[in-house]
Amino acid sequence: MSAAELDARATEAYTAYVIHLYGCHPCQDGDASGDDACTTGTRLREAWKTARNASLRARRTPHPATT
């Protein structure tokens, strides 16, 4: 999968997460450390973080192997 496709997936995951946050009172009332009162919010947050990290890894310059 290309970096652009991974970026698009990360953007879609982030959008879904933010839309959920806007309408979910337990997520809005949770503390910044990640109160797991809402399983949907937790799942969406993890999906966004996974997609974001995949996108970042795809853009990282590979390091040459050392021996």
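**Group meeting: a three-helix chain**

Leaving aside neighbours within four places in sequence, S55 is in contact with A3, L6 and D7. I start with S55, in a model that is predicted, and work outwards from there.

S55 is found in helix 3. Its relative accessible area is 6%, so S55 is buried.

Now the overall layout. The chain has three helices and zero strands. Read from the N terminus, the order of elements is α-α-α. The chain has 67 residues, and buried residues make up 19% of them. For contacts between residues at least 6 apart in sequence, 60% join residues that are at least 24 apart.

Next, the packing of helix 1 against helix 3. Two packed helices are described by the angle between their axes and the distance between the axes. For helix 1 and helix 3, the angle is about 160° and the axes are 8 Å apart. Helix 1 is therefore roughly antiparallel to helix 3, since an angle over 145 degrees counts as such. The crossing of helix 1 past helix 3 is left-handed. On the helix 1 side, the residues making the contact are A3, A4, L6, D7, R9, A10, A13, Y14, A16, Y17 and H20. On the helix 3 side they are T40, G41, L44, R45, A47, W48, A51, R52, A54, S55, A58 and R59. S55 is on that second list, and the partners of S55 that I opened with, A3, L6 and D7, are on the helix 1 list.

I will go through this packing by residue, beginning with W48. W48 has its place in helix 3. Not counting residues up to four places away in sequence, W48 touches A10, A13, Y14 and Y17. For one of these partners there is also a backbone distance: W48 and Y14 are 5.4 Å apart, C-alpha to C-alpha, with their positions 34 residues apart in sequence.

Two further C-alpha pairs. N53, in helix 3, and A10 are 8.5 Å apart in space, C-alpha to C-alpha, and 43 residues apart in sequence. N53 has a relative accessible area of 31%, so N53 counts as partly exposed. T42 and Y17 are 9.1 Å apart by the C-alpha atoms and 25 residues apart in sequence.

T42 is another helix 3 residue. Is T42 buried or exposed? T42 is buried, because its relative accessible area is 19% and the cut-off is under 20%. A polar atom of the T42 side chain lies 3.0 Å from the backbone oxygen of C38.

Back to helix 1, which covers residues 3–23, and to H20 within that helix. H20 has 16% relative accessibility and therefore counts as buried. What does the side chain of H20 reach at 3.4 Å? That partner is the backbone nitrogen of G41. G41 is also among the residues that H20 touches: C27, C38, T40, G41 and L44, again not counting residues up to four places away in sequence. T40, G41 and L44 appear in the helix 3 contact list too. C38, for its part, supplies the backbone oxygen beside the T42 side chain.

Last topic, the charged pairs. Side chains of opposite charge can pair when their charged atoms come close. How many salt bridges does a search of the whole structure find? The search finds two.

One salt bridge is between the side chains of R59 and D7, at 2.3 Å from N to O. This pair links distant parts of the chain, with R59 in helix 3 (residues 39–59), D7 in helix 1, and 52 residues separating them. D7 has a relative accessibility of 24%, so D7 counts as partly exposed. D7 is also one of the contacts of S55.

The other salt bridge joins the side chains of E46 and K49, at 3.5 Å from N to O. Here both residues lie in helix 3, three residues apart, about one turn of the helix. E46 counts as partly exposed because its relative accessible area is 37%. K49, at 30% relative accessibility, is partly exposed as well.

To recap: helix 1 and helix 3 pack at about 160°, the R59 and D7 salt bridge links those two helices, and the E46 and K49 salt bridge lies within helix 3.

How values were computed: Residues numbered from 1 in each chain as written. Predicted model: local features only at pLDDT ≥ 70, side-chain atom pairs only at ≥ 80, totals over all residues. Heavy atoms only, no water. Helix = DSSP H or I, 4+ residues; strand = E, 2+ residues; numbered from the N terminus. Buried < 20%, exposed > 50% of the residue type's maximum accessible area, 1.4 Å probe, protein only. Polar contact = N/O pair within 3.5 Å; in protein donor to acceptor, adjacent residues only side chain to side chain. Contact = heavy atoms within 4.5 Å. Salt bridge = Lys/Arg side-chain N within 4 Å of Asp/Glu carboxyl O. Axes fitted to C-alpha atoms, helices over the stretch in contact; angles between N-to-C directions. Parallel < 35°, antiparallel > 145°, perpendicular 65-115°, else oblique. Left-handed = near helix turned anticlockwise from the far one by under 90°.
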